[in-house]
Amino acid sequence: MSYDIIGDGPLRSYYDNQVKRLGLEDVVNFHGAIYDESKLAKLFNSATFLVHPGAIGLSALHSLSYSVPIVTHDNPYEHMPEFSVLSHLKNSFLYSSETNLSKVLRDIFSIDNDEYIKLIYSCSEVVRNKYNSRVMAKRLLESAE
């Protein structure tokens with residue numbers, strides 16, 4: 001198992017040092033900011049979950065379109081509007097501020113294969129049936145009538 005971290009920012013060197021301090025260089029990979037969809041696709045297609053402890057926005061739809069369930073906090077006021085597509089235990093694991101993220105991660109890796117398959121199917125269902133350009137165009141046309 002490995003952990004792929006996408007993104008960059010002022011805390012990058014801090015986290016890089018933490019990984020080295022803990023001896024996790026073989027399992028944690030820092031990729032920096034990635035804007036190339038083919039590179040993102042490789043990472044999403046090999047991912048089991050997207051862990052996003054900050055304010056989630058379009059990354060939610062991006063992850064769901066690759067059928068990758070999301071782990072994030074449950075405070076809607078600290079997220080972008082796309083947070084509304086997430087449903088606990090349906091396409092995501094939402095944890096409260098009282099819950100330790102490491103405990104949540106241990107719990108989700110203990111789910112059985114059948115439950116995980118239901119979860120990934122539900123992820124793609126949201127994008128296929130509710131949040132895509134075809135559905136948005138239909139809503140636009142209906143509103144113009």
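Helices and strands are runs assigned by DSSP, numbered from the N terminus, with at least four residues for a helix and at least two for a strand. With that naming in hand, we can say where a residue such as glycine 54 sits: in the loop between β3 and α3. Keep in mind as we go that this is a predicted model.

Let's begin with the whole chain. Its secondary structure comes to 6 helices and 5 strands. If you follow the sequence from start to end, these elements appear in the pattern β-α-β-α-β-α-β-β-α-α-α. Taken along the principal axes, the C-alpha atoms fill a box of roughly 60 × 35 × 30 Å. The chain has 145 residues, and buried ones make up 30% of them. How do parts of the chain that are far apart in sequence meet? Among contacts between residues at least 6 apart in sequence, 49% join residues at least 24 apart.

Now find the sheet. Three of the strands form an open sheet, in the order β3-β4-β5, and their pairing is parallel. The edge strands are β3 (50-51) and β5 (92-95), and each of these pairs on one side only. On one side of β4, 2 bridges pair this strand with β3 in the parallel sense. Here leucine 50 has isoleucine 70 in β4 as its bridge partner. Strand β4 (residues 70-73) is also joined to β5 by 4 bridges, and these two strands run parallel. In that pairing, valine 71 stands opposite phenylalanine 93.

Look next at the side chains of β4. Which of them point the same way? Ile70 and Thr72 point one way from the strand, while Val71 and His73 point the other way. Buried means under 20% relative accessible area, and all four of these residues are buried.

From the sheet we can step to helix α4 (residues 101-108), where leucine 105 is found. Leaving aside neighbours within four places in sequence, leucine 105 is in contact with Val51 and Val71. Leucine 105 counts as partly exposed because its relative accessibility is 23%. Leucine 105 and proline 69 are 36 residues apart along the chain, and their C-alpha atoms are separated by 12 Å.

Let's return to glycine 54, in the loop between β3 and α3. Again leaving aside neighbours within four places in sequence, this glycine is in contact with Thr72, His73 and His79. From C-alpha to C-alpha, glycine 54 and histidine 79 are 7.6 Å apart in space, although their positions lie 25 residues apart in the numbering. With a relative accessibility of 31%, glycine 54 counts as partly exposed.

After that loop comes a pair of helices to look at together. How do α3 and α5 cross? The axes of helix α3 (residues 58-65) and helix α5 (residues 113-129) come within 8 Å and cross at roughly 110°. Angles of 65 to 115 degrees count as roughly perpendicular, so α3 is roughly perpendicular to α5. The crossing is left-handed. Where the two helices meet, α3 brings Leu61, Leu64 and Ser65, and α5 brings Cys123, Ser124, Val126 and Val127. Sorted by class, this contact has 5 nonpolar, 2 polar and no charged residues.

Two loop residues have backbone angles worth a look. Most residues other than glycine have a negative phi. Serine 67, in the loop between α3 and β4, has a positive phi near 60°. This serine is partly exposed, with a relative accessible area of 23%. Leucine 89 also has a positive phi, of about 70°, although it is not a glycine. Leucine 89 is found in the loop between β4 and β5. At 57% relative accessibility, leucine 89 counts as exposed.

Finally, go back to the early part of the chain, where isoleucine 6 is found in strand β1 (residues 3-6). Which residues does isoleucine 6 touch, not counting those up to four places away in sequence? They are Gly32, Ile34, Leu40 and Leu43. Isoleucine 6 counts as partly exposed, at 39% relative accessibility. Isoleucine 6 and proline 69 are 63 residues apart in sequence, and 16 Å apart in space from C-alpha to C-alpha.

How values were computed: Residues numbered from 1 in each chain as written. Predicted model: local features only at pLDDT ≥ 70, side-chain atom pairs only at ≥ 80, totals over all residues. Heavy atoms only, no water. Axes fitted to C-alpha atoms, helices over the stretch in contact; angles between N-to-C directions. Parallel < 35°, antiparallel > 145°, perpendicular 65-115°, else oblique. Left-handed = near helix turned anticlockwise from the far one by under 90°. Contact = heavy atoms within 4.5 Å. Nonpolar A, V, L, I, M, F, W, Y, C, P; charged D, E, K, R; others polar. Pairing = 2+ DSSP bridges. Buried < 20%, exposed > 50% of the residue type's maximum accessible area, 1.4 Å probe, protein only.
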